[in-house]
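Reader: I am new to this structure and would like to learn how its descriptions are reached. Could you take me through the reasoning step by step?

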Amino acid sequence: MKLHRREVVKELLRDRKDLLVIAGLGSTAWDITAAGDADLNFPMWGAMGQAAMMGLGLALAQPRRRVLVVTGDGEMLMGLGAFATIGVQQPANLTVAVIDNERYGETGMQHTHTAYGVDLAAVATACRFKHSITVTSEVDKVRELAYRTPGPNFAAVKVLDEKLPLVLPPQDGVQLKDRFRRAVLGR
């Protein structure tokens, strides 16, 4: 069974309060925006492979705040070194949720390596994430990791390879940075 990506992300961000959210390039940035644009969202524009490392930096800089990275399988495969770095740093407040449709959505829906059996949850486990799961039905397990469970945590969320309408976040990088910074640090 596979889930619908927008429903998954909407559920992950329901009643989020002060959760800090970094979204990867493309579809996951559109997904968090479709769930409701917020000042505590930081969608990555054009930085493929960097969402998990951005989340790590934020988790280390804000150890009292929960940080959720919502990214795609293609992006996570591009940044495999992030797994090892997060595993070494052991941020207790970080969860990485990969929305895994087994496709490169922005370049033509070609299969990613997860379609051929690469197991990102196993990679996370090997890199010393405290909790690592693959989810095909119960998003509550991912919410538990993101909001309550000491990490670092990882969840591969298997979703359908559906093509959805774009719901674009603001495209001005300076505006996004300033908005997010004010939301995190205050004026």
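Author: Gladly! The model is a predicted one. Let us start with two helices, H3 and H5, whose axes come within 9 Å and cross at roughly 15 degrees.

Reader: What makes H3 roughly parallel to H5?

Author: The angle decides. Roughly parallel is the term for angles under 35 degrees, and the axes of H3 and H5 cross at roughly 15 degrees, so H3 counts as roughly parallel to H5. The crossing is left-handed. On the H3 side the contact is made by Ala 52, Met 53, Leu 56 and Leu 60, and on the H5 side by Ala 82, Thr 85, Ile 86 and Gln 89.

Reader: Which residues of H5 are buried?

Author: In H5, which spans residues 81–89, the buried residues are Ala 82, Phe 83, Ile 86 and Gly 87.

Reader: How do you know that they are on the same side of H5?

Author: They cover an arc of only 135 degrees around the axis, and therefore they sit on the same side of H5. There is a general background to this: an α-helix has 3.6 residues a turn, so residues three or four places apart point the same way. Among the elements covering the buried residues of H5 are helix H3, helix H4 (73–78), strand S4 (94–100), H6 and S8. Just after H5, Gln 90 takes a positive phi of about 55 degrees.

Reader: Why is H1 called oblique to H7?

Author: Here the axes of H1 (residues 5–13) and H7 (residues 139–147) come within 9 Å and cross at roughly 40 degrees. Roughly parallel would need an angle under 35 degrees, and roughly perpendicular begins at 65. The angle fits neither, so H1 is oblique to H7. H1 passes H7 in a right-handed crossing. Val 8, Glu 11, Leu 12 and Leu 13 of H1 meet Val 139, Asp 140, Val 142, Arg 143 and Tyr 147 of H7.

Reader: What makes H1 oblique to H2?

Author: The axes of H1 and H2 (residues 27–34) come within 9 Å and cross at roughly 55 degrees. With 35 and 65 degrees as the limits, this angle makes H1 oblique to H2. The crossing in which H1 passes H2 is right-handed.

Reader: Why is the pair of Phe 129 and Phe 154 called edge-to-face?

Author: Rings pair if their centres lie within 6.5 Å, and planes over 60 degrees apart count as edge-to-face. The rings of Phe 129 and Phe 154 are 6.2 Å centre to centre, with 85 degrees between the planes, so both conditions are met. Phe 129 lies in the loop between helix H6 (120–126) and strand S7 (131–135), while Phe 154 lies in strand S8 (residues 153–158), so the pair ties together parts that are 25 residues apart in sequence. Phe 83, Phe 129 and Phe 154 form one aromatic cluster.

Reader: How do you know that Phe 129 is buried?

Author: Buried means under 20% relative accessible area. Phe 129 has 7%, so Phe 129 is buried. Phe 154, at 0%, is buried too.

Reader: And what makes Pro 43 count as buried?

Author: Pro 43 has 3% relative accessibility and therefore counts as buried. Pro 43 lies in strand S2 (residues 41–43). Leaving aside neighbours within four places in sequence, Pro 43 is in contact with Ala 23, Ala 29, Ile 32, Pro 169 and Leu 176. The C-alpha atoms of Pro 43 and Gly 173 are separated by 9.2 Å, although these residues are 130 residues apart along the chain.

How values were computed. Residues numbered from 1 in each chain as written. Predicted model: local features only at pLDDT ≥ 70, side-chain atom pairs only at ≥ 80, totals over all residues. Heavy atoms only, no water. Phe/Tyr/Trp six-rings, centres within 6.5 Å; stacked < 30°, edge-to-face > 60°. Helix = DSSP H or I, 4+ residues; strand = E, 2+ residues; numbered from the N terminus. Buried < 20%, exposed > 50% of the residue type's maximum accessible area, 1.4 Å probe, protein only. Arc of directions from axis to C-beta. Contact = heavy atoms within 4.5 Å. Axes fitted to C-alpha atoms, helices over the stretch in contact; angles between N-to-C directions. Parallel < 35°, antiparallel > 145°, perpendicular 65-115°, else oblique. Left-handed = near helix turned anticlockwise from the far one by under 90°.
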